[in-house]
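Colleague: Before I set up any calculation on this chain, I would like to go through its cysteines, its backbone oddities and its sheet with you. Could you take the questions one at a time and end each answer on the item I ask for?

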Amino acid sequence: MAVTIYDIARLAKVSKSTVSRVITHQTNISPDARERVLEAIRTLNYQPSKVARALTSKGFDAILVISTRSTKTTAGNPFFSEILQSIALRAEKEGFDVILQTSKNSEEDLQKCVAKITEKMVKGVIMLSSPADEHILAQLDHYQVPVVVIGNIEGAYKHVFSVDTDNFQDSYRLTQHLISLGHRDIACLHAPLDYHVSIDRLSGYQHAMQDAGLPVQQDLMIDGGYTAESACLAATVLLKSDRPPTAVFATDALKVMSIYRAAHDQKKSIPDELSVTGYSSDNVSPLLSPGLTGIEIPIRELGWQGCSVLFDKIFDRPCAHARTLVPTQLVVNHSARCLKAVK
């Protein structure tokens with residue numbers, strides 16, 4: 001049977017309230033009584049429960065993880081399951097629990113988050129995506145609890161921090177690579193533009209096209225939605241158009257897989273008839289044939305670095321800047337080929 005504060009009080013010959021004051025580090029206790037209580041704790045090897053510690057002013061040793069997206073938009077997306085695993089491992093290393101929050105919309109997300117903060121259920125928050133509308137970040141900043149966003153942030157905050165990759169530059173590089181291979185009709189299959197990551201990746205594609213003196217064609221920029229079904233439908237429509245592109249840049253792993261599927265269904269060979277670049281991860285890339293020329297997102301590193309920043313702030317340890325960029329690299333495989341000799 002677990003040792004309780006009643007057992008401590010009995011052995012130390014003090015009241016239960018005195019034991020409670022010692023455990024919660026209060027000062028209105030005599031040195032003799034405090035020493036007897038501490039000796040009893042050592043003798044009985046008493047370990048206060050997390051619930052008991054939470055009843056003190058310090059609250060629970062837990063962090064909150066929110067996606068700011070509905071479960072419908074995250075289902076089937078390998079990014080979220082992989083980063084959650086990394087966060088859980090890092091939190092365990094610090095002795096913290098992880099609370100995963102799901103909501104119907106951003107306003108409900110905010111209400112639930114604020115409730116957990118004010119009730120001292122969590123000591124920090126990790127957001128797995130960065131909404132273009134930063135209302136939730138501005139509101140959370142008032143509560144002086146560290147918030148780490150896996151993604152870009154534009155506002156200036158005191159308690160909100162960003163851990164991200166350089167999505168604009170990576171997309172620029174991927175598009176530029178296709179241009180260097182002689183492609184001119186390059187499509188972009190992207191996600192909805194209500195998150196910074198989608199905006200930044202589409203913007204990188206557009207700037208690369210413009211800097212090369214190529215037209216940015218609206219009919220070649222296709223929103224593939226959030227689900228595998230919507231992405232495959234968009235990819236199919238794109239490849240069946242009257243003037244299909246010679247190359248496609250896909251802005252996330254779901255879009256990459258949808259292009260591969262659509263090309264297979266329409267018997268279009270990659271890369272002989274269609275070149276593809278995009279973003280992937282190490283749990284998706286091995287499944288693709290031919291191998292993808294693209295950026296492999298370091299998902300586990302993003303989760304680990306995000307947690308590192310969060311715990312540095314929780315424990316008031318020296319920390320990096322408000323914005324941390326995790327490096328990436330362009331991996332050249334066989335999904336894109338030279339269309340013609342480029343001068």
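Colleague: Is Cys307 buried or exposed in this model?
Modeller: The model is predicted, so the answer rests on computed coordinates. A residue counts as buried when its relative accessible area is under 20%. Cys307 has a relative accessible area of 0%, and it is therefore buried.

Colleague: Which cysteine sulfur is nearest to that of Cys188, and how far away is it?
Modeller: A search of the whole structure finds 0 disulfides, and Cys188 accordingly takes part in none. Cys188 also counts as buried, at 0% relative accessibility. A disulfide would need the two sulfur atoms within 2.5 Å, whereas the nearest cysteine sulfur to Cys188 is 17 Å away and belongs to Cys232.

Colleague: Which peptide bond is cis in the loop between β9 and β10, and what is its omega?
Modeller: As background, most peptide bonds are trans. The loop between β9 and β10 holds Pro290, and that loop is also the place of Val284, with β9 covering 275–280 and β10 covering 293–296. Val284 is buried, with a relative accessible area of 4%. The cis bond joins Ser289 and Pro290, with an omega of about 0°.

Colleague: What is the omega of the cis peptide bond that ends at Pro271?
Modeller: Pro271 is found in the loop between α12 (253–265) and β9. The residue joined to Pro271 by the cis bond is Ile270, and omega is about 10°.

Colleague: What is the phi of Gln144, and is the residue buried or exposed?
Modeller: Most residues other than glycine have a negative phi. Gln144 is not a glycine, yet its phi is positive, and the residue sits in the loop between α8 (135–141) and β4 (147–150). The phi is about 60°, and at 60% relative accessibility Gln144 counts as exposed.

Colleague: Where does Asp316 lie, and what is its phi?
Modeller: Asp316 lies in the loop between α13 (299–314) and β11 (323–325). Asp316 is exposed, with a relative accessible area of 69%. Although Asp316 is a residue other than glycine, its phi is positive, near 55°.

Colleague: Which strands stand at the edges of the sheet, and why does each have one side without a neighbour?
Modeller: The sheet is open and formed by 6 strands with parallel pairing, in the order β2-β1-β3-β4-β5-β11. Each edge strand has a single partner strand, so one side of each is left without a neighbour in the sheet, and the edge strands are β2 (97–101) and β11. Neighbouring strands of this sheet are turned against each other, with direction ignored, by an average of 20°.

Colleague: Which residue of β3 stands opposite Val65?
Modeller: Strand β1 (residues 62–66) pairs with strand β3 (residues 124–127) in the parallel sense, over 4 bridges. Within β3, the residue that stands opposite Val65 is Ile126.

Colleague: What angle does the direction of α13 make with that of β5?
Modeller: Helix α7 (residues 106–118) packs on the sheet and touches β1, β2 and β3, its direction making about 155° with that of β2. Helix α13 packs on the sheet as well, touching β1, β3, β4, β5 (160–164) and β11. The angle between the direction of α13 and that of β5 is about 160°.

Methods
Residues numbered from 1 in each chain as written. Predicted model: local features only at pLDDT ≥ 70, side-chain atom pairs only at ≥ 80, totals over all residues. Heavy atoms only, no water. Buried < 20%, exposed > 50% of the residue type's maximum accessible area, 1.4 Å probe, protein only. Helix = DSSP H or I, 4+ residues; strand = E, 2+ residues; numbered from the N terminus. Pairing = 2+ DSSP bridges. Axes fitted to C-alpha atoms, helices over the stretch in contact; angles between N-to-C directions. Contact = heavy atoms within 4.5 Å.
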